[in-house]
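Welcome to a short tour of one chain, written for someone who likes to check geometry against coordinates. Please keep the viewer open as you read.

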Amino acid sequence: MDLIGGLLRLAATRPRVLVVPMPGATAVRVAVEGELRRRGWPTAAVPAEAGVLFVTGGEVPGFAELLDEAERGMIPPACCVRARRPGEAAEALDAARRHLANLDVQRSAARARADARRGGPQDRGAQPAGGSGAPGGQDRPHGEPHQGHGERGAHDPEQGGDQHQPAEDAGHHGHAQHGGTAHGHARPPAQRGGHDGHGMHGMGGMGMPAGLPMARRGEDRDGLRLDRLRLPLGPILADWPAGLLLRLTVQGDVVQRADVETVTGWDGEGGSWWTVPWWRARSGEPVTVGEAVRRRAAAQMDSLGRFLAVAGWADAATTARCLRDDLLAGTPQEVVRRRVGRFAHRVGRSWTLRWLTRGLGRLDADTAAGAGVTGPALRAGGDVTDRYRQWLAEVIEDVAGLDDGSPLDPTSAEGPRGRLDGRRPPSAALVEVLPGLLAGAELAGARLIVASLDPDVDELIPQPVGSAGG
């Protein structure tokens, strides 16, 4: 009896999957999440928990080394797959399951890892026939898996834990080499310290446990002398905006400073998938108000799904994503209206969620307007609780207009994150206010603050008129 092979096949039936969306690949991510939900496959929060690292979208300069580090954080049996288009999700997952259940492949990978530990040939994880390199670099067919390295590197599986523990998450995502594709808020020279440009491995070249830098002493807000740590958060992290990287300076459990970097280069044409109806209307195509509000409601359900997952309410997060997919699939208004109403009532009345989020990340209306924030974040004019409740209210309002057949006026319309007037992407302002909201916040609330704004980094690359796709 082939006991090992049987165990591998059993483990491969429902492996944990970490979805890693590339910038510009929202449609692919949504398709993959839907396919995982239909199959009942569990998701992972960090690479150390994942049996499958699923990269959505094409190669993005600046992500190759991030993906390579994520692979090293995976524990065998593990593999990586990629889908460049929405229709490739199912095939890629089938290929991953076959790969994980293949005893010969797993034995070959184990020999390669043993050779690497002995200082022998670096066989990059014993890839199956046809595979080549990491998912960020080589031209592998879309569904073809290759083996995760299985070396812990900067990813300590002891800290893999729960996706809703930012203090643990932060230690897993530090290898940020963006090259010339990073845009937004670069770190000032004074903040670079001992870093060598390749994440959190500086400090005079001395490696530290779990890839963390050595703590430095400094006074906190109470006048005590506490350790200061530089912790990266993102971009390879479950339920995290694609292409967003935060570098936090943390003292005790309090964020002292947050520096923001964004990765916005990819092989597409630019622009956010969520705002396609408005760009189509701007290029002269006939678009109805109903089409636009359907896409906007779906985008806000997508944001709510991420927010609720970060808050630890998995059941409500799944419901939000089901409603998102219903909206995108064109489910009739009356059906969606009933389901959205029940969901909004349940989430909006949750005292637990309100207790968890009240007082976090307060952004008053005057500050928001001064920073150029528009849309739900401006209208909420308050804390994280106010922002998720504003999303709920606006989704209900949008669902009431799904059957509106009047032509969309793109010059006065508003996308999911704010005003689309062509002057400044609404997410640029959301990214800009993040450091101020995070400074002084407890580390445990940092991810909730980010999720309550959910900036769409794809908006930072302008959509050329006439190039919008569905």
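## The loop between β7 and β8

Pro-235 sits in the loop that joins β7 (225–233) to β8 (244–251). This is a predicted model, and in it the peptide bond leading from Gly-234 into Pro-235 is cis, with omega near -5°.

The loop between β7 and β8 also holds Asp-239. What is the sign of phi at Asp-239? The angle is near 55°, a positive value in a residue other than glycine. Asp-239 has a relative accessible area of 18%, so with the cut-off for burial at under 20%, Asp-239 counts as buried.

## Prolines around α3

Another cis peptide bond runs from Pro-76 to Pro-77, with omega near -5°. Pro-77 belongs to the loop between α3 and β3 (79–83).

On the other side of α3, Pro-61 is located in the loop between β2 (52–56) and α3 (64–72). Is Pro-61 buried or partly exposed? Its relative accessibility is 45%, so Pro-61 is classed as partly exposed. Pro-61 also illustrates a link across the sequence: Val-263 is 202 residues away along the chain, while the C-alpha atoms of Pro-61 and Val-263 are 8.5 Å apart in space.

## Two cysteines without a bond

How many disulfides does a search of the whole structure find? The result is zero. Cys-79 and Cys-80 show the reasoning at work: the closest cysteine sulfur to that of Cys-79 belongs to Cys-80 and is 6.7 Å away, which is too far for a bond, because a disulfide needs the two sulfur atoms within 2.5 Å. Seen from the other partner, Cys-80 is in no disulfide either, and the nearest cysteine sulfur to it is that of Cys-79.

Both residues can be placed by their accessibility. Cys-79 is buried, with a relative accessible area of 0%, and Cys-80 is buried at 1% relative accessibility.

## How α15 meets α16

Two packed helices are described by the angle between their axes and the distance between the axes. For helix α15 (residues 426–438) and helix α16 (residues 446–453), the angle is about 155° and the axes are 11 Å apart. That angle makes α15 roughly antiparallel to α16, since values over 145 degrees fall in that class. The crossing of this pair is right-handed.

Which residues form the contact between α15 and α16? From α15 come Leu-430, Val-433, Leu-434, Leu-437 and Leu-438, and they meet Ala-446, Ile-449, Val-450 and Leu-453 in α16. By class, the contact has nine nonpolar residues, no polar ones and no charged ones.

## How α14 meets α16

Helix α16 also packs with helix α14 (residues 384–399), here at an angle of about 35° with the axes 9 Å apart. The crossing of α14 and α16 is left-handed. On the α14 side, the contact uses Val-384, Arg-387 and Trp-391; on the α16 side, it uses Leu-448, Ile-449, Ala-451, Ser-452 and Leu-453. These residues divide into six nonpolar, one polar and one charged.

Thr-385 is a useful residue to select in α14. Thr-385 is buried at a relative accessible area of 5%. Leaving aside residues up to four places away in sequence, Thr-385 touches Arg-354, Thr-357 and Arg-358. Leu-448 is 63 residues from Thr-385 in sequence, and the two C-alpha atoms are 10.0 Å apart.

## After α16

Past the end of α16, the segment that follows contains Asp-454. Phi of Asp-454 is near 45°, a positive value in a residue other than glycine. Asp-454 has a relative accessibility of 1% and therefore counts as buried.

## The chain as a whole

To finish, here is the wider setting for these local features. The secondary structure comprises 16 helices and eleven strands. The chain has 470 residues, of which 56% count as buried.

What share of the contacts in the chain with a separation of 6 or more comes from residues 24 or more positions apart? Such pairs account for 73% of those contacts.

Terms used: Residues numbered from 1 in each chain as written. Predicted model: local features only at pLDDT ≥ 70, side-chain atom pairs only at ≥ 80, totals over all residues. Heavy atoms only, no water. Buried < 20%, exposed > 50% of the residue type's maximum accessible area, 1.4 Å probe, protein only. Axes fitted to C-alpha atoms, helices over the stretch in contact; angles between N-to-C directions. Helix = DSSP H or I, 4+ residues; strand = E, 2+ residues; numbered from the N terminus. Parallel < 35°, antiparallel > 145°, perpendicular 65-115°, else oblique. Left-handed = near helix turned anticlockwise from the far one by under 90°. Contact = heavy atoms within 4.5 Å. Nonpolar A, V, L, I, M, F, W, Y, C, P; charged D, E, K, R; others polar.
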